[in-house]
Amino acid sequence: MLKNIFIISMVAAAFSTASCNLVDVTDLDPINQLSEDEAITSVQKAQSALLGTYSVLKTGLELPVYYPASACLMGGTMDLGSSGGPAEAMFKNNEVDPQNYTLDAIYTKWYAVISNANHIIEKAPLVETTNPRRDEIVAEARFLRALGHFYLLRFYGQFFDLNSKYGIVIKSKPIKDAKSEPRSTVKQSYDFILADLDYAIEKGPNFSSTFYASKQVAKALKAKVLLYMKDYPESAKLAKQVIEEGPFKLENTFYDVFFKKIIGTKEAMFQTPYDDKNDRNNKAFMMRSTYLPSENYKTFMAGDKRDTAALTRTTAGELRNKKFNNTIFNTGNGVTTLTADTEYFLRLAEVYLIRAEAVVRSNGDPEEARKAVNEVRKRAVMDEITSNDPAELLQLIRREKILELGAESGEEWFDMVRYASLGDINFQTVKPSVKSVNQYILPLPYNTVKLSDNIVIQNPGY
């Protein structure tokens, strides 16, 4: 199974090539132009197309590296390494130009995932079969489509304002031509994402591997989406179900999360794979050359026992990200050290903290919120929090997420935006380079707007 997921289909190769250039998303080679023998005419071919979609998700650096690292730069837990240049500095300084290459590459790659998924969603239901796997394949594709739209919305749409007209361009069909479509509102974007997740929860397979979508992972992502939508009671409810129903468990130690990686993990819920052969991605190398942990993050971690598992220093004293630092890979014939690594799209510790915040914001029992936070702190061998004050609890939860997830997936940046939009923090004290609400999100890529003849409207301030 691990070997099969590394097979890159013709579809994935086409999209990977397209993502290397500054192009409008509608310039991608359409998936429906594949030869007839590559079309989805059976469950087996639908499965192959699905593997191709997973391959788009993990090939290249756009989604496993550029997306999380850029968010970490904006959030302040990462800084520029020796290979970091002007393009990366724009994210650090929260002044990103619409012609930034990384900005465009991330945007294009997510739409490649979405278009691949749309091909399956459109064609697989037409396969006449009694095999229940067909509907599971569609459900996995709809999860990936939801994931793509949600990640796009967080970067390029005013995700923090349900009344905003600045959502994203929703793609519900495979990309077939260069016709541009207008942006949906934020509410419409969220509704589309929720519909896909509800289908994945109902029709998806049970969890079998961290590399594939499942009912349980779809439920966890929905809890996160609902938190962003401010539907706090339902978010708290779903997060609790995910925690209690399993099969996920917190690792015994914080160190184990980043030692086990993709081998025998209990906590990772959905992540990208890699191997010691053809899929040696350069994530670990990028995390010690282009992107480094910031000294501010090191100061923040001081006194927390997760410090030494998250951070290390070279003999020259340069700070390094130990979460992604020369991965140990068990080949079966011994242990190999790689410059490759994974991207955790979801792991269980985050679900505990989603539940804690959702409980507080829904005026729930403070003890329930504390219990969720303290499960994570117990694993970190840290003292329990004891506050009953809702405002203080919210700050403690945000702090805990940085301690647990900092310099990892960029969640600290999205939390800053959410908290600031709710009046819980002031950007002038947490990230002074953010001086305007316009900087809460990134601009749409220049070519996406230009080639649409302004059908796709640029974000305010850009």
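In this predicted model, 60% of the 462 residues of the chain count as buried. The secondary structure comes to 19 helices and 8 strands. Contacts reaching far along the sequence are well represented: of those between residues at least 6 apart, 71% join residues at least 24 apart.

A good place to start looking inside is the nonpolar interior. Nonpolar side chains tend to be buried together in soluble globular proteins. Here the largest nonpolar core has 136 residues, and Trp110 and Phe143 are those with the most contacts inside it. Helix α6, spanning residues 133-156, contributes the largest share of this core, with 13 residues. The surroundings of Trp110 can be followed residue by residue. Beyond its neighbours within four places in sequence, Trp110 is in contact with Leu57, Leu63 and Tyr67, with Leu147, Gly148, Tyr151 and Leu152, and with Phe345.

Phe91 offers another view of a buried aromatic side chain. This residue is found in helix α4, which covers residues 86-92. Its relative accessible area is 1%, so Phe91 counts as buried, the cut-off being under 20%. When neighbours within four places in sequence are left aside, the contacts of Phe91 are Ser70, Leu73, Met74, Val96, Asn100, Thr102, Leu103 and Leu442. One of these partners, Thr102, lies 11 residues from Phe91 along the chain, and the C-alpha atoms of the two are separated by 9.7 Å.

Charged residues also take part in the interior. Side chains of opposite charge can pair when their charged atoms come close. The count for this model comes to 37 salt bridges. One of them joins Arg379 to Glu267, with 2.6 Å between the closest N and O atoms. Arg379 lies in helix α15 (residues 366-379), whereas Glu267 sits in the loop between α10 (254-260) and β2 (268-271), so this pair ties together parts that are 112 residues apart in sequence. Both Arg379 and Glu267 are buried.

A second salt bridge pairs Glu404 with Arg306, their closest N and O atoms being 2.9 Å apart. This pair, too, links distant parts of the chain: Glu404 belongs to helix α16 (residues 390-405) and Arg306 to the loop between α12 (295-301) and α13 (307-310), 98 residues apart. Glu404 is buried, as is Arg306. In a third pair, Glu400 forms a salt bridge with Arg377, and the closest N and O atoms are 2.8 Å apart. Because Glu400 lies in helix α16 and Arg377 in helix α15, the pair ties together parts that are 23 residues apart in sequence. Glu400 and Arg377 are both buried. Through shared partners, salt bridges join Glu267, Asp304, Arg306, Lys323, Arg347, Arg377, Arg379, Glu400, Glu404 and Glu408 into one network.

Helix α16 also carries Lys401. With a relative accessibility of 5%, Lys401 counts as buried. Outside its neighbours within four places in sequence, Lys401 is in contact with Glu350, Leu353, Gly406, Asp415 and Arg418.

Attention then turns to the empty space in the model. Rolling a probe the size of a water molecule over the atoms shows where such space is left. The largest pocket has a volume of about 420 Å³. Its lining is made up of 21 residues, among which Gly75, Gly76, Asn296, Met416 and Val430 lie nearest the centre of the pocket. At least two lining residues come from each of α3 (62-75), β1 (78-80), α12, α16, α17 (411-421) and α18 (427-430). The biggest contribution is that of α16, with 4 residues. Sorted by class, the lining of this largest pocket has 7 nonpolar, 8 polar and 6 charged residues.

Enclosed spaces are present as well, with 3 cavities of 30 Å³ or more in the structure. The second largest cavity has a volume of about 50 Å³. Phe159, Phe160, Leu227, Tyr228, Lys230, Tyr232, Arg418, Ser421 and Leu422 line this second largest cavity. Helices α8 (215-228) and α17 each supply at least two of its lining residues. The lining of the second largest cavity divides into 6 nonpolar, 1 polar and 2 charged residues. Arg418, one of the residues lining this cavity, is also among the contacts of Lys401.

Note on methods. Residues are numbered from 1 along each chain as its sequence is written. This is a predicted model: local features need pLDDT of at least 70, side-chain atom pairs count only at pLDDT 80 or more; totals for chains, interfaces and linings use all residues. Side-chain values use heavy atoms; hydrogens and water are left out. Buried means under 20% relative accessible area, exposed over 50%, partly exposed in between (1.4 Å probe, protein chains only). Contact means heavy atoms within 4.5 Å. A salt bridge is a side-chain nitrogen of Lys or Arg within 4 Å of a carboxyl oxygen of Asp or Glu. On a 1 Å grid over the protein atoms alone, a cavity is a set of points where a 1.4 Å probe fits but cannot get out, and a pocket is an open set with protein on both sides within 12 Å along at least five of seven lines; lining residues have an atom within 4 Å of a point. Grid points are joined across faces, edges and corners, and a volume is the space filled by probe spheres set on the points. Ala, Val, Leu, Ile, Met, Phe, Trp, Tyr, Cys and Pro count as nonpolar, Asp, Glu, Lys and Arg as charged, and the others, Gly among them, as polar. A nonpolar core is a set of buried Ala, Val, Leu, Ile, Met, Phe, Trp, Tyr and Cys residues joined through side-chain atoms within 4.5 Å.
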